[in-house]
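Open the model in your viewer and set it to show side chains as sticks. The tour below goes from one selection to the next.

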Amino acid sequence: MAHLFPFLPFNVDETPLSWATRLSALHTGGRLVPFLNDLGISYLSIIAGATDAVTRLCDATGQDPAPVLRNAVQKIGKRSYSLRGQVLSAEMLVTPDTRFCPACLVADSRSGLPVNAARYGRVSWRVKTIRTCPIHDMPLIARRLGQWDDKLSELAVIVPESNDALQGLAELAAKRSPSPLQNYVLQRIDGAKTHPWLDSLSLELATTMTEKLGAILTFGTDAKPRELSEADWDAAGVAGWAFSSRDERGVCEALALMQKRAAITRTNGIRKADIFGMTYPWLANRRTFKDLEPVRTVFRAHYLATMTGLPDDLVFGQPIEEPKFSTPNKIATLEGVDPRTLRNVLVGKGLVPAASEEGACLCLLYTSDAADE
Ligand SMILES: [Zn+2]
């Protein structure tokens with residue numbers, strides 16, 4: 001079979017879409033969609049990483065399809081994708097943004113190829129948690145033009161700057177090392193198993209939990225996911241990793257730290273979201289199609305072991321069957337007695353410190369069995 005000439009090899013860290021775009025620049029000097037049309041390949045199939053479309057493109061060029069398919073982010077369901085066996089939801093991908101490192105693109109341009117056939121998109125740039133270039137230690141830049149073809153990620157269109165202009169962007173960038181969470185994600189996509197408990201979770205669950213824990217500890221319980229910048233999320237990943245990398249025990253330490261802070265900063269009216277911030281609505285949501293149960297189980301077990309509650313109270317989306325702890329006010333409500341009377345009885349029995357009579361319920365932990373005596 002005749003192949004397109006000259007041969008333009010696929011880069012081992014490249015996306016199939018980027019390679020197709022470089023082929024179109026080299027062989028036609030034009031854009032991606034007409035080039036693929038000429039080959040009878042649907043651009044939507046290439047975007048979706050479809051095996052037959054990628055294989056046909058490889059057949060047309062003489063490229064071994066194995067490394068290309070290895071980097072294909074393949075659509076496997078509604079808003080669900082797979083990269084080297086790791087399931088990624090649409091929320092884990094940066095589409096319709098295109099991320100790039102200006103210094104990497106300048107380095108690409110030194111290959112001797114025409115600039116639009118030289119600069120290429122890395123597959124790691126497609127994953128949301130990857131926010132820092134590990135070669136140049138700088139934040140990746142995200143860009144979209146607000147047009148239908150943003151999803152093609154054509155660098156020649158989205159990043160048309162000269163090398164000098166890109167060099168200027170690189171020099172303006174803040175220095176930042178890749179977060180340990182980013183390193184973990186990259187190693188896991190490469191097939192490494194480094195943290196047994198995190199590895200047992202889906203990649204999305206492991207990263208989302210780590211970032212949310214870190215976001216609360218760094219920016220407080222009032223922090224809203226939509227209000228945090230990419231730099232904030234990167235910092236959150238660093239903070240959360242210090243706990244989640246030590247498995248369930250580390251996660252429970254982070255939860256205990258949140259409880260301690262809530263008890264110090266709030267004197268009354270503590271809601272669960274005042275303690276656990278954005279993790280509470282995330283895990284309490286029972287309508288999501290995502291499987292949050294492995295993390296929800298850890299959070300609930302920690303809550304039930306340390307916090308007050310009553311039967312049927314909802315905790316992370318599930319009712320409590322038998323609370324370990326309760327408060328005078330909650331027991332009084334349940335038993336239909338006057339809360340002040342109950343408190344006085346408990347203080348008299350030495351079960352509740354007199355000084356804490358009016359204090360926050362969070363501080364008033366005791367077993368309801370003892371109160372029944
Ligand atoms: Zn770079």
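A residue counts as buried when its relative accessible area is under 20%. Keep that cut-off in mind for the first stop, in what is a predicted model.

Select Cys104. Its relative accessibility is 4%, so Cys104 is buried. Now add the zinc ion, which Cys104 coordinates through SG, together with Cys101 (SG), Cys133 (SG) and His136 (ND1), at 2.1 to 2.3 Å. Along the chain these donors follow the spacing C-x2-C-x28-C-x2-H. Cys104 and His136 link distant parts of the chain, being 32 residues apart: Cys104 sits in helix H6 (residues 102–108), and His136 in the loop between strand S5 (132–133) and strand S6 (138–139). Check the angles at the zinc ion next. The 4 donor atoms subtend 105 to 113°, and the arrangement is therefore tetrahedral. For comparison, the ideal angle for four tetrahedral donors is 109.5 degrees.

Move on to the cavities. The whole structure has 2 of 30 Å³ or more.

For the largest cavity, select Ser18, Thr21, Arg22, Asn116, Arg119, Ser153, Leu155 and Ala156, which line it. The space inside is about 70 Å³. Colour helix H1 (16–28) and helix H8 (155–158), each of which supplies at least two lining residues; the largest share, 3 residues, comes from H1. By type, the lining has 2 nonpolar, 4 polar and 2 charged residues.

For the second largest cavity, select Arg31, Leu145, Asp149, Asp150, Glu154, Val157 and Ile158. This cavity holds about 30 Å³ of space. Its lining has 3 nonpolar and 4 charged residues, and no polar ones.

Definitions and conventions
Residues are numbered from 1 along each chain as its sequence is written. This is a predicted model: local features need pLDDT of at least 70, side-chain atom pairs count only at pLDDT 80 or more; totals for chains, interfaces and linings use all residues. Side-chain values use heavy atoms; hydrogens and water are left out. On a 1 Å grid over the protein atoms alone, a cavity is a set of points where a 1.4 Å probe fits but cannot get out, and a pocket is an open set with protein on both sides within 12 Å along at least five of seven lines; lining residues have an atom within 4 Å of a point. Grid points are joined across faces, edges and corners, and a volume is the space filled by probe spheres set on the points. Helices (H or I, at least four residues) and strands (E, at least two) are DSSP runs, numbered from the N terminus. Ala, Val, Leu, Ile, Met, Phe, Trp, Tyr, Cys and Pro count as nonpolar, Asp, Glu, Lys and Arg as charged, and the others, Gly among them, as polar. Donors are N, O and S atoms within 2.8 Å of the metal (3.2 Å for Na, K and Ca); water is not among the atoms, so sites may look incomplete. Four donors count as tetrahedral if all angles lie between 85 and 135 degrees; four count as square planar and six as octahedral if opposite donors are over 155 degrees apart and all others between 65 and 115; anything else is irregular. Buried means under 20% relative accessible area, exposed over 50%, partly exposed in between (1.4 Å probe, protein chains only).
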